[in-house]
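Reader: I should like to understand how the terms used for a protein model are justified. Would you take me through some of them?

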Amino acid sequence: MVDNKNWNFDEKAVSWDDDPGRVRLANDIAGAIAEEDILSADMDILEFGCGTGLLTLRLAPLVRSLTGVDSSQGMLGILKAKIESQKLVNIKTLLVDPAKGDLPEGRFSMIICSMVLHHVRETKPLIDQFYRIAAPHGRLCIADLDPEDGEFHGENDTVFHNGFDRITLSRTLTNAGFEDIRYRTVANVTKPRPDGRMGSFSVFLMIGRSKEVCGARQR
């Protein structure tokens, strides 16, 4: 789910789930969202940058529907295969082009953007779009890296932000129209740095709530 075509997510999709650290992080983020006590059986969720569905499949049983969107056909292909093999009926997928601002029509009770925002060159327009499709009192959940020195990904030309300052990002959400913003650390990822040393990278979860009047009518 990036606006850069040089790093091929389609090719990496087949082995994406083989990384135990990636699976563990998805579990940590899913658990943190569930702990917030904001999920319910009548919710319709949009996951922006769903990838192969590591987070999708953990949250879908807790809500009415989940729409997973991604810019990688390969990633979505893996998720579709999981949906078919497990005979899941409340998950649908959608291929989007984030450079064109493609997002589904309608209103969503929750929008999730997990470990994706640092791959988005211009974050403010995207968060503004999230507000426009959020239902009244809908939630935005962003999970991403705290500021780091660029060694989490190493050489990767799809990374535009080496993490985010929580206060600065919360102001972006406020300016978009979200309120009651809170954040906390939900995971620490340990992985080798480019020089071989082990590094620890913290991941936060930030949650904001849309105002009573939905974004499209308020603006």
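Author: Let us begin with the word pocket, bearing in mind that this model is predicted. A pocket is an open set of grid points with protein on both sides within 12 Å along at least five of seven lines. The largest pocket here has a volume of about 870 Å³.

Reader: What makes a residue part of the lining of this pocket?

Author: A lining residue has an atom within 4 Å of a point of the pocket. The largest pocket has 37 such residues, and W16, R22, L25, M115 and F152 are the closest to its centre. Helix α2 gives the most to the lining, with seven residues, while α1 and β6 each supply at least two.

Reader: How do you know that the length of helix α4 agrees with what is expected?

Author: Helix α4 runs over residues 73-85, which makes 13 residues. At 1.5 Å a residue it should span 18 Å, and its end C-alpha atoms are 18 Å apart, so the two values agree.

Reader: Which residues of α4 are buried, and what places them on the same side?

Author: The buried residues of α4 are M75, L76, L79, K82 and I83. They cover an arc of only 115 degrees around the axis, and therefore lie on the same side of α4. On the other side, E84 and S85 are exposed. The cover over the buried residues includes α1, α3, β2 and β3.

Reader: Why is G74 called partly exposed?

Author: Buried means under 20% relative accessible area and exposed means over 50%. G74 has 21%, so it is partly exposed. This residue is found in helix α4, and it touches D10 and A13, not counting residues up to four places away in sequence. Its C-alpha atom is separated by 8.1 Å from that of K12, although G74 and K12 are 62 residues apart along the chain.

Reader: What makes a group of residues a nonpolar core?

Author: Its members are buried residues of certain kinds, such as Leu, Ile and Met, joined through side-chain atoms within 4.5 Å. The largest such core has 34 residues, of which I33, M110 and V203 touch the most other members. Helix α2 gives the most to this core, with five residues. Apart from it lies another core, of 26 residues, among them L46, F48, Y131 and F204.

Reader: Which residues does I33 contact?

Author: Leaving aside neighbours within four places in sequence, I33 is in contact with I38, L39, L59, M110, I112, C141 and L205.

Technical notes: Residues numbered from 1 in each chain as written. Predicted model: local features only at pLDDT ≥ 70, side-chain atom pairs only at ≥ 80, totals over all residues. Heavy atoms only, no water. Helix = DSSP H or I, 4+ residues; strand = E, 2+ residues; numbered from the N terminus. Expected span 1.5 Å × (residues − 1). Buried < 20%, exposed > 50% of the residue type's maximum accessible area, 1.4 Å probe, protein only. Arc of directions from axis to C-beta. Contact = heavy atoms within 4.5 Å. 1 Å grid on protein atoms, 1.4 Å probe; cavity = no way out; pocket = protein on both sides within 12 Å on 5 of 7 lines; lining within 4 Å. Points joined across faces, edges and corners; volume = space filled by probe spheres on them.
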